[in-house]
There are 2 protein chains.
Amino acid sequence: MDRMDPTEATTPRQRYRAQVRAEIKRHAWEQIAAAGASALSLNAIAKQMGLSGPALYRYFANRDELITELIRDAYQSLADTFRARAEAGTSLRGLADTLRVWALDDPQRYLLIYGTPVPGYHAPEDTTRLSAEVMAVLLDACAAEGLPELPPSPLQAHLADHRAWAGEHPATPPALHRALAFWTRLHGVLSLELAGHFTGMGFDPARLYDAEAEAVTGG
Amino acid sequence: MDRMDPTEATTPRQRYRAQVRAEIKRHAWEQIAAAGASALSLNAIAKQMGLSGPALYRYFANRDELITELIRDAYQSLADTFRARAEAGTSLRGLADTLRVWALDDPQRYLLIYGTPVPGYHAPEDTTRLSAEVMAVLLDACAAEGLPELPPSPLQAHLADHRAWAGEHPATPPALHRALAFWTRLHGVLSLELAGHFTGMGFDPARLYDAEAEAVTGG
DNA sequence: TCCATGCGTTAGAAGGTATCACGCAAACAA
DNA sequence: TTGTTTGCGTGATACCTTCTAACGCATGGA
C-alpha cells in the first residue's frame, strides 16, 4: 500500500505525503496536550494548517486511524526512553523516576495509552505488541537486578503458568510479579495525580510516588 | 431556586420535575454503561424518552451539569457501599473486595469518577467533598484495624504535616499512609483492568488484585 | 508533450450541543 | 367557575463535529 518512512527517499509524492502526515501529527499532539485526546478535532487541525477539513482524509482514513498512530508513537517514545535509560545502566528505581518524568512531560500522552480508552475508539491488536515492548524492558530490568526476592505467593504460581505477556522472556516468577507490581503501583499513583485527584488534598504527589517507587523496587 | 428531593412532597410541579430528572439520569446511566461517559448524548436520551432534544434543557442546564450529577451519584453510591460494609464490621481486606465488586458491577461508573476526566468537563469543588467522604470511611477502617504498623518513613513525616485531605480525622501517619496506599495500589490494578490493558496478557486480573489487596492490608 | 495519478476544494448528509420564541396545559387565585 | 400565571415541550435555528462524494487542477512520469 503506502510506504512512507520519511527517511527512506522514494518518490516525491510519497515524500510530500510523509511530510504532511508528520505535520498533522504535530498539530494533533498540540491539541491533545492542550485539551486531551477526546477533544482532538480533525477540523481544527485542518484549520490550523490552512486546509479545509476533508483534505486530511487523504492522509488518515478517519479520526481513529490518527489516534492509533499517536498511540503507536507514544508507546514507541516510552519504550525508547526506557530502553535508552536501561542500557545506560539505570536501576529499576531509576526507571521509576524516568516513568514519572516521561509522564509529566506530557500528561495527555501518558493518559492516551494508559488512561481510560477514548470514546468510540477501538485499539488494534498492534498496540499489544508495543505494550509488550515496554514490558520487555521492564522485565529485563527486573531480572537483571539482584533484588531481595519477593516471597513465594499464589500469584507467582499463577504467573508461572500464565506468562503469555512475557513472551519468550526468561524471567522468574518473582521477576514477573515485580514487573507487574512496578507497573500497577506506579500507574496507580501517577494516573490519579494526572487526573487531578490529588489536587486540594494537601500533600505532595511526588513524595507518595517516591515512596511507592522505593517500595516496589525493593528499597 | 429549586428544591426537588423526590421524597419531600412539595408542589406537583416539583414532584413531576424530580421524577423526570430521575428518569433522565436512569437513561444516562444506561448510555454510560453501554459506551462510556464521553458518548453520553442528551439528544439520544431525549429520543429514548420520546421527547425532543431541547426539552431536556428544562431539567439540566447542559451536558456538564448532568455529568456532574451522575458523578455525585457515583461517589455517593461508593461511599454508601463502603460505609454499609464498614459498619457491618468488614475488615480493610473486605473493603478491598467490596471496591472491586462495586467497580466491576458498572465499570464505567468507576471510570467516571476515578478515570481520565471526560473531555471538556470541569469538576465543581463539590466533588472534593464527596471524594473526602469515601476517604473518611477508608481512614476509619485503617485506624480501626490494629495492623502491623508500616515502618516510619519520610512520606509519613510529610503526611503528618499535610493532612488537609483527612479533615478532622484523628488518623495516625501510618494510617494515613495505609489509606493512600490502599487507594492508589488498588486503583492501579483496577483501572488497568477496566481499561482493558490486561486483556491478552494471559493472567487473571483477579489474582493480581487479590495479591495487591493482601499486601496493602497487611496480609 | 501528454496523461494518469492524486491532492485540495466545495457541497452536503447525519448527528451533536445549545438558544430562542412560541403555544398550550397545568397549577393557582379570585 | 373563571381568569392568570407559571412553566413544559415544541420546531426553527446556529454552530460544531466526522465523514462521503464529485469536481478541478497541479504535479510527476513516460
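These are my notebook entries on the chain A–chain B contact, the surface near DNA strand C and the two domains of chain A in a predicted model.

**Entry 1: chain A against chain B**

I began with the contact between the two protein chains. Chain A puts 35 residues into it, and chain B puts in 35 residues. I noted a buried area of about 3400 Å² between chain A and chain B, with carbon and sulfur atoms giving 69% of it. I then looked for charged pairs and found zero salt bridges across the interface of chain A and chain B. For polar contacts between chain A and chain B, I recorded nine residue pairs, counting pairs with both residues at pLDDT 80 or more.

Next I asked which elements of chain A give two or more residues to the side that touches chain B. I listed α5 (107–114), α7 (154–161), α8 (173–194) and α9 (205–216) of chain A. The largest share of that side is from α8(A), with nine residues. Sorting the side of chain A that touches chain B by class, I got 20 nonpolar, 11 polar and four charged residues.

**Entry 2: the surface near DNA strand C**

I turned to DNA strand C and found 21 residues around it. The closest come from both chains: Arg58(A) and Tyr59(A), with Leu42(B), Asn43(B) and Arg63(B). I checked which part of the strand faces the protein. Of the strand C atoms within 4 Å of the protein, 63% are in sugar or phosphate, and the rest are in bases.

I wrote down three individual distances. Tyr59(A) has a polar side-chain atom 2.7 Å from a phosphate oxygen of DNA strand C. On the other chain, a polar backbone atom of Leu42(B) is 2.7 Å from a phosphate oxygen of the strand. For a base, I noted Arg13(A), where an N or O atom of the side chain is 3.4 Å from a base oxygen of DNA strand C.

By element, α1 (12–35) of chain A and both α1 (12–35) and α2 (42–48) of chain B each give at least two residues to the surface near strand C. α1(A) gives the most, three residues. By class, I counted the surface near DNA strand C as 10 nonpolar, six polar and five charged residues.

**Entry 3: the two domains of chain A**

I took the domain assignment for chain A, which gives domain 1 as 1–60 and domain 2 as 62–216. Their centres, taken over C-alpha atoms, are 28 Å apart. Where they meet, 16 residues of domain 1 of chain A touch 14 residues of domain 2 of chain A. The area buried between these domains is about 1400 Å², and carbon and sulfur atoms give 69% of it. I asked which three residues of domain 1 supply more of its buried area than any other three. They are Lys25(A), Trp29(A) and Phe60(A), which supply 43% of the area that domain 1 buries against domain 2.

I searched this interface for salt bridges and found three. One that I looked up joins Lys25(A) to Asp73(A), with the closest N and O atoms 2.9 Å apart. I also logged five residue pairs in polar contact across the interface of the two domains, with both residues at pLDDT 80 or more.

On the domain 1 side, α1 and α2 (42–48) of chain A are the elements that give two or more residues. The largest share, seven residues, is from α1(A). My last note is the class count for the side of domain 1 that touches domain 2: 12 nonpolar, two polar and two charged residues.

Terms used: Residues are numbered from 1 along each chain as its sequence is written. Chains are lettered from A and ligands numbered from 1 in the order in which they are written. This is a predicted model: local features need pLDDT of at least 70, side-chain atom pairs count only at pLDDT 80 or more; totals for chains, interfaces and linings use all residues. Side-chain values use heavy atoms; hydrogens and water are left out. Contact means heavy atoms within 4.5 Å. Buried area is the accessible area (1.4 Å probe) that two parts lose on being put together, summed over both. A salt bridge is a side-chain nitrogen of Lys or Arg within 4 Å of a carboxyl oxygen of Asp or Glu. A polar contact is a pair of N or O atoms within 3.5 Å; within protein, one must be able to donate a hydrogen and the other to accept it, and residues adjacent in sequence count only if both atoms are side-chain atoms. Helices (H or I, at least four residues) and strands (E, at least two) are DSSP runs, numbered from the N terminus. Ala, Val, Leu, Ile, Met, Phe, Trp, Tyr, Cys and Pro count as nonpolar, Asp, Glu, Lys and Arg as charged, and the others, Gly among them, as polar. A residue is near a molecule or strand if one of its heavy atoms lies within 4 Å of it. Domain bounds come from an automatic or database domain assignment.
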